[in-house]
Amino acid sequence: MGFIVVGLCSLGVSAALVLSAFNKNLVFFFTPSQVAAKEAPTGRYFRIGGLVQKGSLKRDADGLTSRFMIADAAKSIPVVYKGILPDLFKEGRGCVAEGKVAPDGVFYADQVLAKHDENYMPPEVAQTLAGK
Amino acid sequence: MLAEIGQFSLIVALLIAVIQVTLPMIGATRGKRSWMAVGIPAGRAQFIFVAVAFGCLAYLFVTNDFSVLNVASNSNSQLPVHYRLAATWGSHEGSLLLWTLILGFWTLAVTLFSGHLPKEMVARVLSVMGSISVGFLLFLLLTSNPFIRLSSPPSDGGDLNPLLQDPAMVLHPPMLYMGYVGFSVAFAFAISALIGGRLDANWARWSRPWTTVAWTFLTGGIALGSFWAYYELGWGGWWFWDPVENASFMPWLVSTALIHSLAVTEKRGAFKSWTVLLAIAAFSLSLLGTFLVRSGVLTSVHAFATDPKRGIFILCFLGIVIGGSLLLYAWRAKQVGLGGNFDLVSRESFLLTNNVLLAVAAASVLLGTLYPLFIEVLGMGKLSVGPPYFNTIFVAVMVPAMFLLGVGPTARWKKASLPELAVRLRWAFAASAIAGIVIPFLVSGWKPRVSLGLSLALWIVITAAVSLWERLKNGMGPQPRSYYGMQLAHVGVAVLIAGITLVTGYQAEKDVRMDIGDTVNLGGYDFRFNGVTEVAGANYLAGRAEIEIIRNGRMVRTMYPEKRVYNASGNALTETAIDSGLFRDLYLSLGEPVGQNRAWSVRVHYKPFVDWIWAGAVLMMIGGGLAASGRRYVKPAGKQRKVES
């Protein structure tokens, strides 16, 4: 009997903890069009994915801060990232960035995701490019 | 010609596997010895034919036969021989063939080392393993044939992903699969016992060494993968909670629970139903892991849509294996019974609690890995689950688990007394708590999480020492090898926790732009950048930086991180330079050229105690090896060992 009570209690508590931690750490994905339409939350982390617009990549004088545009078929969003970009990051290729959007519409990325394959296109990107 | 021989061998292997499934099972049910006896030769023959097929594919890769689609898309003539060999299992098709080969290998091992088991048991086990093999061979032949020919072969092949051109990646998949597939033996034993209706201490004793060996390989495979990610990806991370990693971690968590649960079932006859369920879960998660990684569903759930045949086959196969075994379990579990009784305070209940904690951890990882897939399939948007989720859960679950890990081995079976335990362990508790609080001050500043982690690590080590000391003092004589194996594996966990705690607490990282002659300081070291020169490799061209490490005005050594561009694919790859040490790693990766003055961006990491993570895993593996090689397993049964304390 003792086992069942202790077991049920701990199961309930752990389930509650798991679900609350889970809820807090869901990172949603948005397309540039959605971000431009202000569908993405400000002040919360999310991911944005699209193609790195050709000719948009610029570096600041410090050599570390990069500015580029992530675009889908309709819109493009300016992104700022400080740090070393992954090997497979190139203009014209797919890219996913994680960070927050500022009130001025600029996306400040903490992380630019490198995928392990040069032919890889984030499925979301492929979908947005196809016009969804 | 070889491709055709390979494919033909696979078909023959499939036919033999069908015989291996049917005849022994029918024989075991009807008590026909001659039918049961078919299992052993059939299992061996099946292994030989799969091995021939695998040999053919490997040979095609080594000899650059680009008329075979799989070779043409995953290898090229510039690739060094050992990587061409590794490319054999670099693709979806090849890795499934490797899986099947390793299943054959485990089947062969069962036929060789089960002479002392009842004939019905062996027959049923081989039949269950054969049916898994049938599933994989069908999958290979129907949807993922590695031997398809091209009508117009290219003059040279594509490329093996440069990231995979690495010694650790040559070993990682076979090790991991040895683990995954090894659980098929414990699974087959559990299913056979359910079918036969007899789950006793013998069943647990037969399953234990197989499970421990498989677990040892899985531990090694995961550690290798983590080590590879650390030095190859150039981000300095060693675990990312990436779905691919989670896929291998879930079976590990469940099989760790299984190892402990099996021990209780063997020694005390308790937890029977739970043990069977864990054996089913460990293998089911291994299957799920294989398919999650290999079907491409993680990169996109639409991979299923582009090749519906594969997707439907996988879902059906998983459904049959998992659903079927759970149905069998539901039907038979009543007869199995729960087994022996024990008190709320006893070694059994400590082990049960840790089992539940491990299961909760595995379930949380499963939730975090599959939820995004479900949401996407349902068309409800796209999301991912951030690492903080997993970290929070793991700290919460592992703190009590690690505490109990110290208590369990010293507690009595069946009925222990809390006051007595408290007296025996009070000094261990005080010592680990005090040392845990003091040490961070000495390392580099106090942090609550570091104290907690170190206290737990020390607690595990000190209680292990107490347990050993008590046993020797009480004149219990030399302990069995499995006891030392267990304690060594537990100390490995402690070393791993210490490593994780210290590197997470005190690591430092800088991304900097460096002109020639520039110096950057991190973790008490000066890093001096002397510029980048061009170097040609076997199949790539590299920019190699020279960076001097200076400590207290004295030069320690020179490091050479590289940026490579591979000839075949034109892909860039960052090759890190790491100076490893017992207490810290210095880790450099090269970014890109910046501006006109031959300046580069450089990432500098200071990683204290990071190698303890893999050292812990190695200790766990040695512990597993010791436990599995214990004399009572290696010797044929007959002389039954007395029940120990």
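In the predicted model, W241(B) is found in the loop that lies between helices α9 (201–232) and α10 (243–268) of chain B. The backbone of W241(B) has a positive phi of about 55°, although this residue is not a glycine. W241(B) counts as buried because 20 C-beta neighbours lie inside 10 Å, and 20 is the number from which a residue is called buried. A second residue of this kind is F609(B), which is not a glycine either and has a positive phi of about 60°. The place of F609(B) is in the loop between strand β11 (599–608) and helix α19 (611–628) of chain B, and with 24 C-beta neighbours inside 10 Å this residue, too, counts as buried.

The domain assignment divides chain B into domain 1 (1–165), domain 2 (174–302 + 327–338 + 345–384), domain 3 (417–506) and domain 4 (511–609). For domain 1 and domain 2 of chain B, the C-alpha centres lie 23 Å apart, and the contacts between these two domains involve 18 residues of domain 1 and 17 residues of domain 2. On the side of domain 1 that touches domain 2, helices α6 (92–113) and α7 (119–143) of chain B each supply at least two residues, and the largest share, nine residues, comes from α6(B). By class, this side of domain 1 has 14 nonpolar, two polar and two charged residues.

The largest nonpolar core has 189 residues, and those with the most contacts inside it are A186(B), A190(B), V254(B), A279(B), A282(B) and I460(B). Helix α8 (residues 167–196) of chain B provides the largest share of this core, with 16 residues. The surroundings of A282(B) illustrate the packing: when residues up to four places away in sequence are not counted, A282(B) touches F183(B), A186(B), P251(B), V254(B), S255(B) and L258(B). A second core, separate from this one, has 26 residues, including I48(A), M69(A), I70(A) and L85(A).

Chain B also holds an open sheet of four strands in the order β2-β11-β10-β9, with antiparallel pairing. Strands β2 (508–514) and β9 (577–579) of chain B stand at the edges with a single partner strand each, so one side of each is left without a neighbour in the sheet. Neighbouring strands of this sheet are turned against each other by 20° on average, direction ignored. At one of these edges, β9(B) pairs with strand β10 (residues 584–594) of chain B in the antiparallel sense over three bridges, and here I578(B) stands opposite Y587(B) in β10(B).

Chain A has three helices and seven strands, and from the N terminus on its elements run α-β-α-β-β-β-β-β-β-α. Of the 132 residues of chain A, 33% count as buried. Among contacts in this chain between residues at least 6 apart in sequence, 53% join residues at least 24 apart.

Within chain A, strand β4 (residues 65–71) and β5(A) run antiparallel and are joined by seven bridges, and a hairpin of four residues leads from β4(A) to β5(A). In this pair of strands, R67(A) stands opposite V80(A) in β5(A). Strand β5(A) also pairs with strand β7 (residues 107–113) of chain A, in the parallel sense and over three bridges, and the bridge partner of Y81(A) in β7(A) is A109(A). In a regular strand the side chains alternate between the two faces of the sheet. Strand β5 (residues 76–82) of chain A follows such an alternation, since I77(A), V79(A) and Y81(A) point to one face and are buried, while S76(A), P78(A), V80(A) and K82(A) point to the other and are not.

Between the two chains, 26 residues of chain A are in contact with 34 residues of chain B. On the chain A side, α1 (2–24), β1 (26–30) and α3 (123–129) each supply at least two residues, and α1(A) gives the most, with seven residues. The residues on this side of chain A divide into 13 nonpolar, six polar and seven charged. Strand pairing also crosses from one chain to the other, as β1(A) and strand β1 (residues 383–385) of chain B pair in the antiparallel sense over three bridges. In this pairing, L383(B) in β1(B) is the bridge partner of F28(A).

How values were computed: Residues are numbered from 1 along each chain as its sequence is written. Chains are lettered from A and ligands numbered from 1 in the order in which they are written. This is a predicted model: local features need pLDDT of at least 70, side-chain atom pairs count only at pLDDT 80 or more; totals for chains, interfaces and linings use all residues. A nonpolar core is a set of buried Ala, Val, Leu, Ile, Met, Phe, Trp, Tyr and Cys residues joined through C-beta atoms within 7 Å. A residue is buried if 20 or more other C-beta atoms lie within 10 Å of its own, exposed if 12 or fewer, and partly exposed in between; C-beta atoms are placed from the backbone. Two residues are in contact if their C-beta atoms, placed from the backbone, lie within 7 Å. Two strands pair if DSSP finds at least two bridges between them. Ala, Val, Leu, Ile, Met, Phe, Trp, Tyr, Cys and Pro count as nonpolar, Asp, Glu, Lys and Arg as charged, and the others, Gly among them, as polar. Axes are lines fitted to C-alpha atoms, for helices over the stretch in contact, and angles run from 0 to 180 degrees between N-to-C directions. Domain bounds come from an automatic or database domain assignment.
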